[in-house]
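Please open the model in your viewer and keep the selection tool at hand. The tour proceeds stop by stop, with a selection to make at each.

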Amino acid sequence: MERTKWYKDKVFYQIWPRSFKDGDGDGMGDLHGVYEKLDYIQSLGCDGIWFSPLYPSPGADCGYDIADYMDIAPEFGGMEAFKKVLDGAHQRGMKIIMDLVVNHTSDEHEWFQKSRQRIDPYTDYYIWRPAKKNGKLPNNWDSLFEGKAWTYDEVRGEYYMHLFAIKQPDLNMDNPLVREEVKKILKFWLDLGVDGFREDVITFISKTEGLPDDHIMPASKGLNLYNHGPHIHEYLTEFRKDVLDHYDCVTLAEAPMVNPKTALTYIQEGPDQEIDMMIQFQTQCADSFLSDYYPMKFSLKKLKKAFTNWQKKLDGRGWNMLYMENHDHPRIISRYGSEKFWKESGKMLAVSYLFQKGTPFVYQGQEIGMLNWRPESPDMYEDVQTKWEYANHATRKSDKKRLQRLWRCSRDSARTLVQWDDSPNAGFTTSDTPWFYVNQNYKDINVAQQEEDPDSILNFYRKAIALRRKLSCVRDGNYIEHFKGSKKLYCYSRQNGFQRILVVCSFSDKPVRFKEPRDFPVDTARLELCNYENPNPKKLQPYETRVYLWR
Ligand code: NOJ
């Protein structure tokens, strides 16, 4: 079967199901709600959906701890509701991709339950080790969510590895039986008609042999010993050859700490290509040091460098996945934009990435400019990582300071209920007790209100995505960054044999003088998109953005 690379022409919408839309009134987002909103998603110009996990799960990591890979959780509507959504999407020409989480399972998965009792064939499905002779943990690695990467299991009398939460034991991918299970899962969903997978922390699945202590990296100890591990390419190739190559599907791999050079070892186009696109984190690190939990002042220079680096290095060799938000990062306007210039910066941030080369993803609520959530108490947080960070980080600091850190860093900032209208709970549910909170700004920021307003962020996203689709140079043109040294402007052009565009984005909250780059006489171009009326050719207003077109 030839894989046609259809994903290059798509714009995806990411659904984090719990908070998207409750269709059956029990307070939890579900697939009935998604079905109701398929036309809405299509109206944005999106023609693909990535679902964060929909599988049965105890919810220790909001679904990224899977207890059954071949079913849909009853609270999301079960298999029947899923098939209805799948058909509804396909009828509209939309593709559906699932989250594949196989670095780890839930500790409530049957495999783990049997493995801890040494019941074959499950005995070696996970990474079990006894304590060291001196009684110490098997090695010095850290988990990313809850302390050390090892937890003792009374039943088995050994430690199991978990790179994430205690309830997320890592699978032993070196065991061929586990790889067979992964292939069965892939096949199951592809046969059902799904169009591909977003593969959760897939670069972590091969750990360095012997699981040695890490002496190199003080933060996230172990990362360099399990990220891009020794057999990673072999295992991904096996999945591709044995299953994926038999379907016209797409793979999108989440890859923490990846740079373009390493990414190309997976996504370089050609016969040995293992993965279609990668979720990189470098464009998320313009206001942090490696992770959201080490915040720094936003640096446009860092953002531009990351944008341009990925555009340039992948050009003609691999395909970019473009995103500004997902369920793992706080909201982008609150970070790279300005809540004060909410509407202006929301639109500008859309333009900053939507005209780059690659496949864009829009995360639920991003299209209406949802902002970070600032609860009054740390007890209101749900996320396992957030709770750990609160309990263990800088405990000498005041409670208020520690809470403020969460406002800025927590993933829950982007997991509040989608704001559909100004009725109670933002129209997310008819229940009085939704599973999670709504951001109190929902009366000002919601879909219904923005539908009515031609000047809304929502309608701007629609225009920007429609324009993107019209322009062949966005799909295949070159990319040149202009004014590289500017601390206020991000500016790039895209050009092919037929047309060229100039994209201008001001990241300043003050007016900025503007002079077009040489060879881009804007008085001969058409201004296709702008977030201000009557733009001044010589001056940009705060967070102004423009797209000029020459034919
Ligand atoms: C990455 C996912 O995006 C995140 O939400 C999850 O907590 C971890 N992987 C662990 O599965």
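The stops below are the ligand site, one helix and two individual residues, all in a predicted model.

**The ligand site**

Select the ligand and the residues around it. The shell consists of 13 residues, and the closest are Asp 61, His 104, Asp 200, His 327 and Asp 328. Sorted by class, the shell comprises seven charged, four nonpolar and two polar residues.

Next, display the polar side-chain atoms of Asp 328, Asp 61 and Arg 198 together with the oxygen atoms of the ligand. For Asp 328, a polar side-chain atom is 2.4 Å from a ligand oxygen. For Asp 61, a side-chain N or O atom is found 2.5 Å from an oxygen of the ligand. For Arg 198, the corresponding distance from a polar side-chain atom to a ligand oxygen is 2.9 Å. Of the 290 Å² of accessible area that the ligand has on its own, the protein covers 98%.

**Helix α13**

Select residues 399-409, which form helix α13. Which residues of this helix are buried? They are Arg 402, Leu 403, Arg 405, Leu 406 and Cys 409. These buried residues lie on the same side of α13, because they cover an arc of only 150° around its axis. The underlying geometry is general: an α-helix has 3.6 residues a turn, so residues three or four places apart point the same way.

Add β11 (291-295) and α12 (384-392) to the selection; both are among the elements that cover the buried residues of α13. Then view the face turned away from the buried side, where the exposed residues Lys 400 and Lys 401 are carried.

**Asn 459**

Move to helix α15 (residues 457-470) and select Asn 459 within it. Is this residue buried or exposed? Asn 459 is buried, because its relative accessible area is 14%, under the 20% cut-off. Its side chain is joined to that of Arg 462 by a polar contact of 2.9 Å. Beyond neighbours within four places in sequence, Asn 459 is in contact with Gln 450, Glu 451, Asp 453 and Pro 454. Select Leu 44 as well: its C-alpha atom is 8.1 Å from that of Asn 459, although the two residues are 415 residues apart in sequence.

**Pro 521**

Finally, select Pro 521, in the loop between β17 (512-513) and β18 (526-530). Pro 521 is partly exposed, with a relative accessible area of 31%. Setting aside neighbours within four places in sequence, Pro 521 is in contact with Arg 500, Glu 516 and Trp 550. The C-alpha atoms of Pro 521 and Trp 550 are 9.5 Å apart, with these positions 29 residues apart along the chain.

How values were computed
Residues are numbered from 1 along each chain as its sequence is written. This is a predicted model: local features need pLDDT of at least 70, side-chain atom pairs count only at pLDDT 80 or more; totals for chains, interfaces and linings use all residues. Side-chain values use heavy atoms; hydrogens and water are left out. Helices (H or I, at least four residues) and strands (E, at least two) are DSSP runs, numbered from the N terminus. Buried means under 20% relative accessible area, exposed over 50%, partly exposed in between (1.4 Å probe, protein chains only). Contact means heavy atoms within 4.5 Å. A residue is near a molecule or strand if one of its heavy atoms lies within 4 Å of it. A polar contact is a pair of N or O atoms within 3.5 Å; within protein, one must be able to donate a hydrogen and the other to accept it, and residues adjacent in sequence count only if both atoms are side-chain atoms. Accessible areas come from the Shrake-Rupley method with a 1.4 Å probe; for residues, only the protein chains shown count as cover. Ala, Val, Leu, Ile, Met, Phe, Trp, Tyr, Cys and Pro count as nonpolar, Asp, Glu, Lys and Arg as charged, and the others, Gly among them, as polar. The arc is that of the directions from the helix axis to the C-beta atoms.
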